[in-house]
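Q: Could you walk me through how the labels for this protein are earned, one at a time?

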Amino acid sequence: MKLLRVKDNRLMLKSDFAPIQRVVDKIADKTLSKLEKEGVFVFPEKIHDAPDIEEEQVVLQSYNNCYRTGNIMGFLGCGSERLAIESRFSSGDKDYFFQYLLERVMNFPNVVDLSVDANQENMLFNLMLFLFPRYLKDALRKGLFKTYIRNQYNDSHVAGSMDIPRHIAQNTPFIGNIAYSQREYSYDNDLTELVRHTIEFIQRKPYGRILLSKVKEEVSLVVDATNRYRVHDKQKVIAANQKTPIRHAYYREYRHLQHLCLLILQHQKHQIGTGTKQVYGILFDGAWLWEEYINLIVGDIFYHPMNRAGQGAQRLFAGNIGLIYPDFISKDSQNRVIGDAKYKPAENIGNKDYLQVLAYMLRFDAKNGFYFYLSTGDAQEHRLQMNKGSTYEKNVVPRNDVCVVKLGLGIPDCTGTYKEFTQKVRIAETVFQARLAECV
């Protein structure tokens, strides 16, 4: 297996990607929406519902003789080639920060150390397993999948098409039974059987029961509905689902679940992916992960409008004009504060970022705004006082009542074990919360 590890938001020579040229050919200059249609898992799932996440964002973008990576992190593969995109805020060869974000935001149980796994194939496979409860829950929100199937019977209550060859084979000499088949609307179909086989596969893992503990009800529904489940039918069920993928738009969640189950169940035999031409993987938008992570830290004092779910939408002007989704709006209506999560260092927060937050501050009559940014090592606090006056009158002076603060959360060096890293991050979070409380 050929593996290349790169950082997000980096410019690299195209020659550096030569060892994984097959992967590059599949993903270079392709948008997230295009890769998603080809079977790559992208988080957040509904990128077209998130204004801050451009649907036309690409994983690898060509610049003359170079490729630039964006905010996307994750794993991609094609055939025997693998590309791992890690966070640029992780030092060394262990991306503990990315793993920590997944654990906090995605509720991935800390039962397997993804970053220290020498086998990148197992790392990707573990991520697939951790995604299963989330996809199962999303699909079951629409109820159990039900479709027409053809069942075979051999009794005296004929209610379908007679099966002559099977009747001769099973009912000679004739004792009163007739072999026939009947088309019935059933929950116990190829897709639910596929999900059941995946559940049984995960439960046999050392951490399987922990992984499925948050979807006990969904697992029970699937188990109760699959009376035809037989362990030795796994390959037949896999083949049936490969032949008839879910296509109806209403069952989009089930289509994703079906694809994930096939990847999991075929892992041991074919590894992940079933051919040299197929591109596969899991991608996470770093900016989205960072914003959701910050919400876990500051959620007690801030509202967090959910642009993906369409919750908390605000308007700039009367008449429902100017849809906006500030990252964070303080719950204190008397002393309103605006917050904006930035997945970048303080020096990269520039004019467009300033204009955006100032517009939000004006809209909500806020005198204070914050940029929640990432910092490697000790995070510094930068206070920016709003100016008043004009250079034409030569009376430019800073205002005392309006300011924007760049408040960083320091990410410790990725040394030692993941447990040590987690302990250091927890301390950094406490410091961050204390500094925020002083400013608000």
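A: Gladly. This is a predicted model, and a hairpin is a good place to begin: strands E13 and E14 form one, with three residues between them. In the turn, Gly319 has a positive phi of about 80°.

Q: What makes E13 and E14 count as paired strands?

A: Pairing asks for at least two bridges found by DSSP. Strand E13 (residues 314-317) and strand E14 (residues 321-324) are joined by three bridges, so they meet that condition, and they run antiparallel. Across the pair, Arg315 stands opposite Leu323 in E14.

Q: How do you know that E4 and E5 pair, and what lies between them?

A: Here four bridges join strand E4 (residues 60-63) to strand E5 (residues 66-69), against a requirement of at least two. The two strands run antiparallel, and Tyr63 stands opposite Cys66 in E5. They form a hairpin with two residues between them, and Asn64 in the turn has a positive phi of about 55°.

Q: Which sheet holds E4 and E5, and what makes a strand an edge strand there?

A: The order is E2-E5-E4, an open sheet of three strands with antiparallel pairing. Strand E2 (11-13) and E4 are the edge strands, as each pairs on one side only. On average, neighbouring strands of this sheet are turned by 35° against each other, direction ignored.

Q: Why do E12 and E18 stand at the edges of their sheet?

A: Their sheet is open, has six strands in the order E12-E15-E16-E17-E19-E18, and its pairing is mixed. Strand E12 (302-303) and strand E18 (381-388) each have a single partner strand, so one side of each is left without a neighbour in the sheet. Further in, strand E15 (residues 328-330) and strand E16 (residues 337-342) pair in the antiparallel sense over two bridges. That meets the requirement of at least two. The bridge partner of Phe328 is Gly339 in E16.

Q: Why are H12 and H14 called roughly perpendicular?

A: The axes of helix H12 (residues 286-298) and helix H14 (residues 418-439) cross at roughly 65°. The label covers angles of 65 to 115 degrees, so this pair is roughly perpendicular. The axes come within 10 Å, and H12 passes H14 in a right-handed crossing.

Q: Which residues make the contact of H12 with H14, and what is its character?

A: From H12 come Tyr293, Ile294, Ile297 and Val298; they meet Val425, Glu429, Phe432, Gln433 and Leu436 in H14. The residues of this contact divide into seven nonpolar, one polar and one charged.

Q: How do you know that H3 is mostly covered?

A: A residue counts as buried under 20% relative accessible area, and 10 of the 10 residues of helix H3 (residues 96-105) are buried. Among them are the aromatic-ring residues Tyr96, Phe97, Phe98 and Tyr100, along with Glu103 and Arg104. H3 is followed by Asn107, whose phi is positive, near 60°.

Q: What do the totals for the protein look like?

A: The protein has 14 helices and 19 strands. Of its 440 residues, 50% count as buried. Among contacts between residues at least 6 apart in sequence, 70% join residues at least 24 apart.

Methods:
Residues numbered from 1 in each chain as written. Predicted model: local features only at pLDDT ≥ 70, side-chain atom pairs only at ≥ 80, totals over all residues. Heavy atoms only, no water. Axes fitted to C-alpha atoms, helices over the stretch in contact; angles between N-to-C directions. Parallel < 35°, antiparallel > 145°, perpendicular 65-115°, else oblique. Left-handed = near helix turned anticlockwise from the far one by under 90°. Contact = heavy atoms within 4.5 Å. Nonpolar A, V, L, I, M, F, W, Y, C, P; charged D, E, K, R; others polar. Buried < 20%, exposed > 50% of the residue type's maximum accessible area, 1.4 Å probe, protein only.
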